[in-house]
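Student: Could you take one part of this predicted model and go through it closely? I would like the confidence first, then the part itself, and then its setting.

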2 protein chains.
Amino acid sequence: MTDQAGQARRYTAQQLEEFIARAFVAVGMDEGDAGTIAALMADADLNGSDGHGIFRLAPYIRRIREGGLNLKPNIHIARERLGMALVDGDNAQGHLVMSFCAQTAIEKAKVTGVAWVGTHHSNHAGPANLYAKMPLAHDMIGLYVAVGNANHLPPWGGTDMLLSTNPIAAAIPTDEEPAVVLDMATTVAAYGKVKTAAQRGEEMPEGWMIDRQGKPLTDPERAGEGFLLPIGGPKGSGLSLIFGLLAGTLNGAAFGEDVVDFNADYKTVTNTGQFIVAVDVAAFIDVGTFKKNVDAIVRRIKASPTLPGFDEVLLPGEQSRRKRADYTANGIPVHQGLYDSLEELAAEIGIEMLAYS
Amino acid sequence: MTDQAGQARRYTAQQLEEFIARAFVAVGMDEGDAGTIAALMADADLNGSDGHGIFRLAPYIRRIREGGLNLKPNIHIARERLGMALVDGDNAQGHLVMSFCAQTAIEKAKVTGVAWVGTHHSNHAGPANLYAKMPLAHDMIGLYVAVGNANHLPPWGGTDMLLSTNPIAAAIPTDEEPAVVLDMATTVAAYGKVKTAAQRGEEMPEGWMIDRQGKPLTDPERAGEGFLLPIGGPKGSGLSLIFGLLAGTLNGAAFGEDVVDFNADYKTVTNTGQFIVAVDVAAFIDVGTFKKNVDAIVRRIKASPTLPGFDEVLLPGEQSRRKRADYTANGIPVHQGLYDSLEELAAEIGIEMLAYS
């Protein structure tokens, strides 16, 4: 089935998950690990994080085939105090490392109230919100920050690409309202959006990128000639720097010049850094009171009249939830360019392709 | 002495500090507390945080005289676990509450590696960087977030002013280079900058504020008719919301509709919320290695060629350090509007005015 524009097939999350797991197993990953990663990647697609789900499968597989990823990792705590841990990801797929870190942070926060767990020798882990949301089930707040896996912007005013989109995600538990889930790059657009625009043959709006002369760049095929723009100019640039120092340098992970462009180099260990913070709400305030108070704020915000040009006020995470509802009912769209690349991948590694849809 | 434009007298930090302390003592504050606050306020001025230093003295004093602040507070830990504390500020001046919180966070982080200390019943505490910098002397990273003391923007797309500039500050220790110190509102401009523009009779650039029709607003005298713009549109709005939930709601402090506009109401308890996180670098990595690595990143960034229109690449905190050097050598500028308001204040509470400079 193709969508209204005739450009995308649609699949269930389970279909994508099974295909993804097949692919990882075919290149030598344990079934358990493959299943964990596939479930998180399909969940990313279901949430509308379309630059971070099955879209990334081919490059992930390529990294494995070129020897850039450790398929038999020993993910372990390298340093530890009561309220923190530094996890050595042993060059495993980031989804595995961050799942371990989230669990570690949750267990520690049950005791200390707040726990911070960082990584080194991790890898790309998909969308930030996946991990920020993990503490929610424990009535905890989750925060997650990562060093992006390729530098796409210079420090504000410069031209040497030393910074990445270094995203932050935060997830706040609620009572009856859906959780508040922010997931944002420190740039106006995440680079995944540039890549999906290129794959779909779409033009980028002005404001996403500039060229080396500081002029707007709107052709995603020319993305390599320019820079992403940080939000708020020096502010977003400053946030990217601070997040990079916290998620990278503090953990002994790559940041700045050391960042390996995972879109260009599939062999070198990326030494990716991330961190997650779990905040146990019960340490601060009665959990029921907190959730009801967040609900009240969410409802008050939704009740705000709108500015000219807006139909409604959207909370962080709301668009993603709507996509999830749509994709759950109607399937996750897989555009032609992505479909072709998956077909090529399936042939290459000898696995059954997604059913023709 | 007036400056080149003939519009500002200049004073030493010590002169400002003594004047500020005199003012607080004159309205009934203990000398010790007055000295603590005065030192932090003068330090803010010396750093160029001109919307957060002596500029705030008259409204602070007015709040005290109208009974809105507790001069004999019992600032204490209300809830505590190993890695966190919730501090009841007992409606004290925010500088006192946050100094207490920073110390608490530092002591806890020595044990747990990371510690998070939040406040309720605090008050405005001046610029965020003051507190984020406190852990630096202990080779710790400091992070600070506050709920702003007046709502100046709606959630993205709305018109009900439910959000504030909710700032974040981060301070990262270095070896030979100056510390990296980010201090930013989640809006393009902090409201203090609007107020100083108004006091100086200056126009605001487009992009700081919009009116209720969504059109640019550049006259700071009309600020009450419009909204501050968040950085990156929905992203800055989302950050402001998350920071408000973390610094306000989680702590049982005001956020959203509950926020008391401290520029309009000098009597009602503000129940201001803030939090500070201290991260002990030694828990993650050898301190010397970390500092040298941050130095290297700072130097690499400074060495970047510049975009057309830029003379150099500035690190977060660099402009502030230059102002500090200038103001230390030449005095802190006090513009005529501010001077007049201080003269009026001095007469009102019967203290000696700043020397005529």
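**Confidence and the sheet of chain A**

Tutor: Over residues 1–5 of chain A, pLDDT (the predictor's confidence in each residue, from 0 to 100) stays under 50, and the model has 9 contacts beyond four places in sequence for this stretch, two residues being in contact if their C-beta atoms, placed from the backbone, lie within 7 Å. This is a predicted model, in which local features need pLDDT of at least 70 and side-chain atom pairs count only at pLDDT 80 or more, while totals for chains, interfaces and linings use all residues. Residues are numbered from 1 along each chain as its sequence is written, and chains are lettered from A and ligands numbered from 1 in the order in which they are written.

Chain A has a mean pLDDT of 95, with 98% of its residues reaching 70 or more. Confidence in this chain is lowest in helix α6(A) (residues 191–200), at a mean of 86, and highest in β11(A), at 99; helices (H or I, at least four residues) and strands (E, at least two) are DSSP runs, numbered from the N terminus.

That strand, β11(A), belongs to the part I would look at: an open sheet of 7 strands in chain A, in the order β2-β3-β4-β11-β5-β6-β7, with mixed pairing, where two strands pair if DSSP finds at least two bridges between them. At its edges lie β2(A) (76–81) and β7(A) (180–184), each of which pairs on one side only. Neighbouring strands are turned by 10 degrees against each other on average, direction ignored.

Within the sheet, β4(A) (residues 114–120) and β11(A) (residues 274–280) pair in the antiparallel sense over 5 bridges, and V114(A) has V279(A) of β11(A) as its bridge partner. Helix α4(A) (residues 94–112) lies across β2, β3 (84–88), β4, β5 (140–146) and β11 of chain A, running at about 30 degrees to β11(A); axes are lines fitted to C-alpha atoms, for helices over the stretch in contact, and angles run from 0 to 180 degrees between N-to-C directions.

As for the setting, the contact between the chains takes 64 residues from chain A and 64 residues from chain B. The predictor gives the complex an ipTM of 0.96 and a pTM of 0.96. Chain A is superposed on chain B by a rotation of 180 degrees with 0.0 Å of shift along its axis (RMSD 0.0 Å), the fit being by least squares on the C-alpha atoms of residues with pLDDT of at least 70 in both copies. This is the relation of a two-fold axis.
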